[in-house]
Amino acid sequence: MITLDNVTKSFTQKGHEQIVLQDISLKVSNGEFLCIVGPSGCGKTTLLRMIAGLDFPTKGHIMEVDTEISGPSIERGYVFQQYSLFPWLNVLENVTFGLELKGMEEEERLQKAREYLKLVGLSQEENSYPKELSGGMKQRVAIARSLVNDPLVLLMDEPFSALDVQTRHKLQEELVRIWKEEQKTVIFVTHNVDEAVFLADRVVVLSRNPGTVIKSFQIELERVRNRNSPQFLELKKEITSLLDVEL
């Protein structure tokens with residue numbers, strides 16, 4: 001479980017304090033798929049970075065189970081908006097990189113990497129280099145690289161935002177399948193309401209800067225979700241209307 005308790009984050013610019021996030025309190029249950037949406041600049045990525053241990057609250061606490069997060073950990077995998085693959089390594093080497101740093105024997109790490117490449121549908125691309133892959137394939141590699149380390153929590157920062165609609169929808173479907181199989185906790189940041197309603201167990205809406213939680217929506221639609229169903233469209237409309245007020 002991830003718990004945020006009255007988290008505030010501010011930066012000092014030119015002698016003035018700028019509050020980015022204010023009094024965020026949130027609990028994320030084990031195995032939950034949580035999406036965070038909000039206007040541009042409301043602090044969504046900053047919030048995710050603090051959960052990852054890449055940044056720290058100015059006030060408040062972020063806990064993983066009973067331990068305060070004090071830095072990065074292999075228990076929290078991070079998939080960035082940009083693909084962040086090593087261009088000089090092939091697909092298999094990119095996925096095994098973290099396992100090699102952990103000192104895992106070559107045979108074991110190759111076996112694990114191939115398992116996760118199969119999971120994301122890229123078994124045939126293990127010898128390809130990032131420059132030879134489409135954007136969607138690069139993000140699949142990034143997801144496999146995070147999952148192969150067996151994190152408790154997968155943090156995803158708008159990972160599909162640069163992709164065309166058709167590819168984005170395909171990867172959303174694949175992510176739901178992987179989440180069901182792996183039973184990981186996922187915290188997914190997006191500005192796309194359709195994406196949030198399609199993916200999430202729960203959608204948390206942040207206000208404009210400084211970001212605060214203004215409403216949480218429990219999404220109880222059956223998976224795989226029909227984007228054209230009345231219930232889906234009504235949820236999209238309600239969340240979008242709330243965001244429109246914040247723009």
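Reader: What makes Pro230 exposed rather than buried?
Author: Its relative accessible area is 66%, and exposed means over 50%, buried under 20% and partly exposed in between (1.4 Å probe, protein chains only). So Pro230 clears the cut-off for exposed. Keep in mind that this is a predicted model, where local features need pLDDT of at least 70 and side-chain atom pairs count only at pLDDT 80 or more, while totals for chains, interfaces and linings use all residues. Residues are numbered from 1 along each chain as its sequence is written, and side-chain values use heavy atoms, with hydrogens and water left out.

Reader: Where does Pro230 lie, and how many Å separate its C-alpha from that of Phe80?
Author: Pro230 lies in helix 7, residues 230-246. Helices here are DSSP runs of H or I with at least four residues, strands are E runs with at least two, and both are numbered from the N terminus. As for Phe80, the two C-alpha atoms are separated by 33 Å, with these positions 150 residues apart along the chain.

Reader: How far is Phe80 from Thr45, then?
Author: Thr45 and Phe80 are 9.8 Å apart, C-alpha to C-alpha, and 35 residues apart in sequence. Thr45 itself lies in helix 1. Leaving aside neighbours within four places in sequence, Thr45 is in contact (heavy atoms within 4.5 Å) with Tyr78 and Asp157.

Reader: Why is Thr45 called partly exposed?
Author: Thr45 has a relative accessible area of 31%, so it falls between the buried and exposed cut-offs.

Reader: And what makes helix 1 largely enclosed by the rest of the structure?
Author: The helix runs over residues 44-52, and 7 of its 9 residues are buried, so it gets that description. Those buried residues are Lys44, Thr46, Leu47, Leu48, Met50, Ile51 and Ala52. After helix 1 comes Gly53, with a positive phi near 85 degrees.

Reader: Which other residues have a positive phi although they are not a glycine?
Author: Asp150 is one, with a phi of about 55 degrees, and Glu158 is another, at about 45 degrees. Asp150 sits in the loop between helix 4 (135-147) and strand 7. Glu158 is in the loop between strand 7 and helix 5.

Reader: How do you know whether Asp150 and Glu158 are buried or exposed?
Author: Asp150 comes out at 47%, so it is partly exposed. Glu158 comes out at 12%, so it is buried.

Reader: What makes Asp150 and Lys184 a salt bridge?
Author: The cut-off is a side-chain nitrogen of Lys or Arg within 4 Å of a carboxyl oxygen of Asp or Glu. Asp150 and Lys184 meet at 2.5 Å, N to O, so the pair qualifies. Between domain 1 and domain 2 the count is 2 salt bridges.

Reader: How is the protein divided into domains?
Author: Domain 1 covers 2-75 + 152-245, and domain 2 covers 87-150, with bounds from an automatic or database domain assignment. Their centres, taken over C-alpha atoms, are 25 Å apart. Domain 1 puts 16 residues into the contact and domain 2 puts in 13.

Reader: How much area do domain 1 and domain 2 bury between them?
Author: About 1,200 Å², with 66% of it on carbon and sulfur atoms. Buried area is the accessible area (1.4 Å probe) that two parts lose on being put together, summed over both.

Reader: Which elements give two or more residues to the side of domain 1 that touches domain 2?
Author: Strand 7 (153-157) and helix 5 (165-182) do. Helix 5 gives the most, with 8 residues.

Reader: Why is Asp194 counted as buried?
Author: Its relative accessibility is 14%, so it falls under the 20% cut-off. Asp194 lies in helix 6, residues 193-199. Setting aside neighbours within four places in sequence, Asp194 is in contact with His169, Arg227, Phe232 and Lys236.

Reader: Which peptide bonds are cis?
Author: Asn209 to Pro210 is cis, with omega near -5 degrees, and Pro210 is in the loop between strand 9 (202-206) and strand 10 (213-218). Arg223 to Val224 is also cis, with omega near 0 degrees, and Val224 is in the loop between strand 10 and helix 7.
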